[in-house]
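Reader: Before we discuss any label, please show me the model, and then let me ask how each term is justified.

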Amino acid sequence: MAAVLLGLLLFAMQSPPVPSRPMANEGPPSTSSPTYNDKTTSHPNGTLQQLPQIIIIGVRKGGTRALIEMLSLHSAVAAAQNEVHFFDWESHFQKGLPWYLSQMPYAFPDQLTVEKTPAYFTSSKVPKRIYQMNTDIKLLLILRDPTGRVLSDYTQVFYNRLQKHKRYQPIESVLVKDGEINLGYKALNRSLYYVHMQNWLQYFPLESIHVVDGDELIRDPFPEMKKVERFLKLEPQINASNFYFNKTKGFYCLRDHGRERCLHDSKGRAHPHVAPAILQKLYQFFHEPNKKFFELVGRPFNWK
C-alpha cells in the first residue's frame with residue numbers, strides 16, 4: 001500500500017545521561033515575555049484564543065498531519081491549522097508569547113487547544129522553551145519505522161524540487177557515500193529518535209509524552225486514537241465509524257457528522273525504489289539506535 005510509509009532513524013552514538021530534574025528555564029526575550037497567566041484572548045461570541053495545552057512535537061514525515069486531523073474529530077479539541085514554528089524559528093520566537101497566542105484558533109472555554117510543528121522534536125532548544133511556557137503541557141510524538149521515515153523525507157524533498165524544476169540527487173547518492181551510510185544526510189539525523197528523546201526527557205517526564213505508533217495509525221487508526229484520548233483524559237468520543245478506507249488513495253480517510261475528508265494528495269506518495277543492499281545497510285544502521293530508544297521509552301515498536 002502506497003500509504004504504508006515507514007520511517008525513522010537514530011544515531012548509534014553514546015549520549016550523556018538524562019538529568020532527573022529540568023534544567024534552568026529559558027524564555028522569550030524580556031521585551032515580550034508574558035507569563036503563562038497571560039494565556040487567553042477572548043472574543044464576543046464566547047470563544048477565546050489560548051496557549052495550547054497539547055503540542056504535537058513531531059516527527060517530520062511521521063504522520064503529524066493525520067494525527068491532528070484525527071484528533072480534531074473530538075469536539076473537545078480545537079486545532080491550529082498551520083505549523084506555527086514558534087519555538088524553533090528565532091524570527092517567530094523573538095515576537096514573544098503574545099504572537100504565539102495570536103496564532104491559536106478560537107475555542108470555547110471547555111475545549112483544549114492543540115498545535116503541531118514536526119520540527120520541534122529534533123530542535124535542541126525547543127524542549128526548554130516549551131517547559132518555560134507550561135511545565136504541565138501534554139506532548140504527542142508520532143514516530144514511524146526509521147528507514148521508511150528517511151525514504152518519506154527524501155520523497156517529499158524530491159517532489160518539491162521536481163515541482164520547482166530544480167535538480168535533485170538520486171536517493172542512492174544521498175544515502176550512501178564511499179560505500180557507507182552517509183552520516184551527513186540530515187534526514188538520517190531526524191530519525192535518530194533516542195538522541196532527540198533524551199533532550200526532551202531533560203525537561204519533561206515520560207508520563208507527559210505519549211508516543212503514537214505512526215505505522216499502526218496508518219494501518220488501523222482507531223485503536224491508536226483511543227490511546228490518544230486516554231492519554232489526554234478526553235471523554236471517549238472518536239469511533240471506528242469515523243474512519244473509512246479509501247481504495248483509490250490507498251489510506252484511511254475521515255468521516256465526521258456525515259462529512260468525508262481525506263488528507264492532501266501529497267500524502268501517501270510512493271517511495272523511490274532503493275536497492276536491497278542499501279536498504280539492508282539502513283536496517284543495520286538503525287538496529288542499535290532503535291534498541292536504545294525502546295529502552296528509553298519502555299516499549300518496543302515493530303521496526304526492522
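Author: Let us begin just after helix H10, where Lys233 takes a positive phi of about 55 degrees; please keep in mind that this is a predicted model.

Reader: Which residues of H10 are called buried, and what makes a residue count as buried?

Author: Buried means under 20% relative accessible area, and in H10, which spans residues 221-231, the residues that meet this cut-off are Pro221, Glu224, Met225, Lys226, Val228, Glu229 and Phe231. Their cover includes helix H1 (64-71) and helix H9 (214-219), together with strands S7 (138-143), S10 (209-213), S11 (243-246) and S12 (251-256). Over the protein chain, 52% of the 304 residues count as buried.

Reader: Why are H5 and H11 called oblique to each other?

Author: Helix H5 (residues 146-163) and helix H11 (residues 276-297) pack at an angle of about 125 degrees, with their axes 9 Å apart. Roughly perpendicular covers 65 to 115 degrees and roughly antiparallel begins over 145, and the angle of about 125 degrees falls in neither range, so H5 and H11 are oblique to each other.

Reader: What do the residues that meet between H5 and H11 look like by class?

Author: From H5 come Pro146, Thr147, Val150 and Leu151, which meet Leu279, Leu282, Tyr283, Phe286 and Asn290 of H11. By class, this contact has seven nonpolar, two polar and no charged residues; Thr147 and Asn290 count as polar, since Thr and Asn are in neither the nonpolar nor the charged list.

Key: Residues numbered from 1 in each chain as written. Predicted model: local features only at pLDDT ≥ 70, side-chain atom pairs only at ≥ 80, totals over all residues. Heavy atoms only, no water. Buried < 20%, exposed > 50% of the residue type's maximum accessible area, 1.4 Å probe, protein only. Helix = DSSP H or I, 4+ residues; strand = E, 2+ residues; numbered from the N terminus. Contact = heavy atoms within 4.5 Å. Axes fitted to C-alpha atoms, helices over the stretch in contact; angles between N-to-C directions. Parallel < 35°, antiparallel > 145°, perpendicular 65-115°, else oblique.
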